[in-house]
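Me: Could you take me through how the strands and helices of this model are arranged, one question at a time?

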Amino acid sequence: MPSTAADRAGDPACREAGCREPALRPPVFVADGAQLRADRIVLSGPEGRHAATVRRLTAGQRADVTDGAGMLAECEVIRSGPGLLELAVLARRTEPPPSPRIVVVQAIPKGDRGELAVEIMTEVGVDVIVPWAAERCVARWRGDRGERSLARWRATAREAAKQARRSRFPQVAALAETAGVAGLAAAASLAVLLDPGGPAGIGSLALPPDGDIVVVVGPEGGISPAEASSLTSAGARSARLGCSVLRTSSAGAVAAALLLSASGRWS
């Protein structure tokens, strides 16, 4: 049976070795930039309710507040009430814009796999997520349904960013057609079209030091020949992830993890 934190704390060998349980990191909430620049921050509305009612934060506890655009305030709770939390700012820091940026073009998966893909990519560290209406997508975003689906992707990214304690949230762009994706590929410092039969592994590609690295993830049925031709003509390089074929909902996150590591952003 796995040992618990209490078991390890009482273990003489652990005490002798100086074992320590990692300190819990403060929860992250969202406010606008103007609030973060003040000495006191008051969370109300959904964020205040979540902090005071769900998380039950009380005076003296730590919490971080971000604007999602790189600024983060390290705070201490000074007062809590029904649906409201007041915090004193202890310190501020600003995360610089990422370089290179990781942009994942994600063909729309079936069911809730799109939200799963957004969640994992956000946790990994993707900077921009572009939903793509590829030819062979089973799911289609049209009219009100499309607006609701995009709103769910954006809400998923926001909540996953808070869970991952990111101070710079990913941008979830509007739905793109293939011509728009080709434009992104043409403007990128490096564009990669994920292809299980690609001539090179993604880990063998030389990465640019800045600009956008665009990764294109196809749908369950694969990318059509016309799409592949359009994207490679725009400068995208076909590359494989490995020996196995990943689901569309996980391929973007795996590719991003490899690129973030190779680029030095994970160092």
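**Strand order and packing**

Me: In what order do the 5 strands of the open sheet with mixed pairing stand?
Reply: In this predicted model, 5 strands make up an open sheet in which the pairing is mixed. Read across the sheet, the order is β1-β3-β4-β5-β2.

Me: Why is one side of β1 and of β2 left without a neighbour in the sheet?
Reply: The twist from one strand to the next averages 40°. Strands β1 (28-30) and β2 (40-43) each leave one side without a neighbour in the sheet, because they stand at the edges, each with a single partner strand.

Me: Which residue in β5 is the bridge partner of Ala73?
Reply: Strand β4, residues 71-81, pairs with strand β5, residues 84-94, in the antiparallel sense, and 10 bridges hold the pairing. For Ala73, the bridge partner in β5 is Arg92.

Me: At about what angle to β1 does helix α4 run?
Reply: Helix α4, residues 45-54, lies across β1, β2, β4 and β5. Its angle to β1 is about 155°.

Me: Which residue in β11 does Arg101 stand opposite?
Reply: A sheet of 7 strands, also described as open, has parallel pairing and the order β8-β7-β6-β11-β9-β12-β10. Within this order, strand β6 (residues 101-107) runs parallel to strand β11 (residues 212-217), and 6 bridges join them. Opposite Arg101 in β11 stands Asp212.

Me: At about what angle to β7 does helix α7 run?
Reply: Helix α7, residues 178-187, lies across β6, β7 (128-132), β9 (190-194) and β11. Relative to β7, the helix runs at about 150°.

Methods:
Residues numbered from 1 in each chain as written. Predicted model: local features only at pLDDT ≥ 70, side-chain atom pairs only at ≥ 80, totals over all residues. Heavy atoms only, no water. Pairing = 2+ DSSP bridges. Helix = DSSP H or I, 4+ residues; strand = E, 2+ residues; numbered from the N terminus. Axes fitted to C-alpha atoms, helices over the stretch in contact; angles between N-to-C directions. Contact = heavy atoms within 4.5 Å.
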